[in-house]
Amino acid sequence: MTAAWAGGPIDASQESDLSVAELVEDLRDVLRKAFDGLWVRGEVHRPFKSRRGHLYFELVEKGTGDEVVGKLDAVLFRSDAQRLERQLRQAGADLAEGRAVRCFGRLDVYPPTGRLQLVCRDLDPLWSLGDLERRRRETLDALRAAGLIERNRRLPLVDPPLRLGLVTAAESAAYHDVVSGLEASGFRFRVLFAAAAVRGLAAEREIPLAIDRLCRWSAEAASPLHALLLVRGGGARSELAAFDSRAVAEAVARSPLPVLTGLGHEIDRSLVDLVAHRSFKTPTMVAEFVVERAAETRRRIDALASELAIAAGRRLQLARLRMEKTQEGAGRAALRLEATRRRLEDLAIFLDRLARRRLRVARGAVDTLSARLGPSARAALTRAAPRPTKIGARLVGSATRQLAERERVLDALGRLCQELAPERVLERGYSLTYDDEGRLLRRADRVAVGGSITTRLASGEVTSRVESLEMP
């Protein structure tokens with residue numbers, strides 16, 4: 001067999017050949033010797049733990065456009081994986097999707113597949129956390145420059161916040177902590193749920209979408225939401241990376257609704273916590289805060305209702321006292337009116353008698369004067385016959401004037417008697433009341449309940465039956 005190589009013939013019979021396994025083993029030896037004990041940095045992608053406890057993942061390097069410019073398979077065998085996982089937990093880190101890490105190990109080839117892989121023996125968690133902190137500071141500076149740190153905190157929170165939007169992983173412990181806490185309160189909370197991943201790269205994409213979806217629904221609803229709750233369960237410090245991302249922090253800061261966060265971490269605060277309206281350590285504490293706001297509102301309403309009831313009672317008591325005083329005044333006025341009516345009745349009777357007596361006296365005086373003047377006049381005329389007729393006429397005129405004056409006095413007394421007569425008093429609205437024996441009543445205790453009384457009016461009489469008696 002003859003083959004061409006590099007432009008010249010090759011005698012295949014004189015060349016030694018290698019099997020695939022031999023070639024892979026040779027390559028494995030070369031790689032182990034050439035790349036033994038090196039540090040490699042990259043992002044963790046597609047982490048997967050086998051049934052034997054080995055941890056497989058890809059180390060990826062991305063370019064400026066987020067495209068993959070390099071990828072290398074990596075593995076942590078079980079003993080190393082268990083040891084490093086303990087160290088990572090103590091450092092508050094992990095090997096989550098998208099995490100930047102620095103791995104120490106050697107290059108190797110897995111013969112059955114011919115796959116090139118980095119066998120990791122150690123990790124530098126502090127380098128990973130330092131990279132996260134650097135990104136966090138850059139994002140914080142960008143948020144501060146855009147004026148987003150205080151934006152959501154300045155939004156007013158409605159009291160009580162009963163209509164809520166909830167963003168967290170579906171069927172997660174955080175979801176059940178919030179919903180069960182709200183339901184146990186007894187208040188009529190309404191919760192609109194939008195599911196979103198809260199860990200890894202998916203969280204940076206899904207959380208802003210969930211917030212935007214809830215805000216758009218609220219803007220179009222007849223009863224808009226009062227606030228959004230963004231919560232997740234506990235975890236490592238490195239799992240807060242999604243909540244330090246600019247995409248999630250900006251979505252929270254720019255939300256037109258107040259955002260309350262409970263990210264399940266007792267020590268660290270994420271950028272989302274910094275830009276949120278209020279932040280809490282756990283989802284349960286978020287639910288407790290909302291419930292307490294509702295309870296405080298109810299306490300204020302109860303206090304106002306109590307104050308209104310007390311004020312209304314005072315007003316009612318004052319009105320009752322005023323009414324009692326008015327009734328007392330009306331009673332006194334009625335008594336004074338009754339006394340005045342009795343005095344008027346007595347005065348009318350007195351004046352009637354006085355007028356009649358004066359009239360009789362005046363008539364007697366007129367008769368006496370007439371009887372005395374008649375003979376005197378005739379005698380005077382007889383004696384004065386010789387006198388001029390002029391004197392007689394003057395005497396007659398004088399007598400006539402005196403008679404006319406007396407008649408005017410009598411007429412005035414008659415008119416006064418008519419004005420003071422009981423009939424005229426009755427015409428002015430007063431009345432006279434008599435018992436069943438015809439006696440004039442001046443006191444209510446002169447009759448009994450069930451008895452009859454007769455009221456004399458200006459025109460006619462009214463007979464009544466006594467139903468009740470009231471004495472001053």
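These legends describe three close-up views of a predicted model.

**View 1. An open sheet of 3 strands.** The strand order is 13-14-15, and the pairing is antiparallel. Strand 13 (432–435) and strand 15 (461–465) stand at the edges. Each has a single partner strand, so one side of each is left without a neighbour in the sheet. From one strand to the next, the twist averages 25 degrees.

**View 2. The pairing of strand 13 with strand 14.** Strand 14 covers residues 452–456. It is joined to strand 13 by 4 bridges, and the two run antiparallel. Asp435 stands opposite Ile453 of strand 14.

**View 3. Leu148 and helix 6.** Leu148 lies in the loop between helix 3 (125–145) and strand 8 (163–168). Is Leu148 buried or exposed? Its relative accessibility is 1%, so Leu148 counts as buried; the cut-off for buried is under 20%. Leaving aside residues up to four places away in sequence, Leu148 touches Leu143, Glu250, Ala253, Arg254 and Val275. Leu148 and Ala276 are 128 residues apart along the chain. Their C-alpha atoms are separated by 9.8 Å. Helix 6 spans residues 246–253. In this helix, 6 of the 8 residues are buried, so helix 6 is largely enclosed by the rest of the structure. The buried residues are Val248, Ala249, Glu250, Ala251, Val252 and Ala253. Glu250 and Ala253 are also among the contacts of Leu148.

Methods
Residues numbered from 1 in each chain as written. Predicted model: local features only at pLDDT ≥ 70, side-chain atom pairs only at ≥ 80, totals over all residues. Heavy atoms only, no water. Pairing = 2+ DSSP bridges. Axes fitted to C-alpha atoms, helices over the stretch in contact; angles between N-to-C directions. Buried < 20%, exposed > 50% of the residue type's maximum accessible area, 1.4 Å probe, protein only. Contact = heavy atoms within 4.5 Å.
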